[in-house]
Amino acid sequence: MTLLRLQSVDGYYGGARILHGVSLEVGAGERVAILGRNGVGKTTVVNACLGIARVRAGQIAFQGQAQASIRHFTAARAGIAVVPQGRRIVPGLTVRENLALGAAVGRPGKWNFESVCDLFPILRERADTPGTAMSGGQQQMLAIGRALMANPALLILDEPSEGLAPVIVDELAATLVRLAGEDTSILLIEQNFSLVHRVAQRYYVLSKGAVVDQGTVEGMSMADLKKHVAV
Ligand SMILES: Nc1ncnc2c1ncn2[C@@H]1O[C@H](COP(=O)(O)OP(=O)(O)OP(=O)(O)O)[C@@H](O)[C@H]1O
Ligand SMILES: [Mg+2]
């Protein structure tokens, strides 16, 4: 089953056309990556799905339903949770309160404070301290935990490895593979080939707002992947 489908999407901010006929799909239980250099429109794909960037042509469907009017505050209820670029941990809120935000906008399901803290024990240890007082890697766990609290069918991660040490990126890769399953698909936006190589089953390459390449990761070396995305 196709969970998310973009068909020939033109995405705009005001009058500025950023996405040019983008088509891509994420199947149920699939792990898909979007690769591309800075400023090619990766985050705009997310924003188009959330209704933050305007879709003037083409279609976005989630679970088979056209998403003409989905807004970022209703996306989580529909089953899409985003780990935003730069993590956006809310300053002044504790770890526990940041996690509660995810639950507040989401759906009921297996993820709650206890199960998220079982996945990331550091969040239980630091539950009552400010979220922004933690290290970058811990804040990324908090951002992922907050998204999981919404019990999404689709977890979108926008450059989660940004600013993280390689050893933390290794842990992140293992966690993401473990998280994905029948009821949770992953759309991973990344410039880190190693993370894409370890997490994704398929990839799309974006350049100047258009999909210029796509394929499966299986059987590909990291060098292959790099060659494929050398655009
Ligand atoms: N809110 C906005 N209003 C107008 N233009 C924007 C807005 N946000 C981004 N842009 C422009 O849209 C283009 C694509 O930006 P986008 O953030 O999607 O790129 P990206 O691939 O996510 O880049 P990065 O890897 O740096 O995060 C850029 O030229 C950017 O300047
Ligand atoms: Mg971006």
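Which helix gives the most to the shell around ligand 1? Before selecting anything, note that this is a predicted model in which local features need pLDDT of at least 70, side-chain atom pairs count only at pLDDT 80 or more, and totals for chains, interfaces and linings use all residues. Residues are numbered from 1 along each chain as its sequence is written, while chains are lettered from A and ligands numbered from 1 in the order in which they are written.

**Ligand 1.** Select Tyr13, Ala16, Ile18, Gly36, Asn38, Gly39, Val40, Gly41, Lys42, Thr43, Thr44 and Gln85, the residues around ligand 1 (C-beta atom, placed from the backbone, within 6 Å of it). Helix 1 gives the most, with 3 residues. Both strand 2 (16–27) and helix 1 (42–50) supply at least two residues; helices (H or I, at least four residues) and strands (E, at least two) are DSSP runs, numbered from the N terminus.

**Helix 3.** Go next to residues 95–105 and pick out Val95, Asn98, Leu99, Gly102 and Ala103, which are buried (20 or more other C-beta atoms within 10 Å of the residue's own, C-beta atoms being placed from the backbone). They lie on the same side of helix 3, because they cover an arc of only 150° around the axis, taken from the directions from the helix axis to the C-beta atoms.

**Ser161.** Finish in the loop between strand 7 (154–158) and helix 7 (166–179), where Ser161 is found. Ser161 is buried, with 20 other C-beta atoms within 10 Å. Measure from Ser161 to Gly136, C-alpha to C-alpha: they are 9.7 Å apart in space and 25 residues apart in sequence.

Notes. Buried ≥ 20, exposed ≤ 12 C-beta atoms within 10 Å, placed from the backbone.
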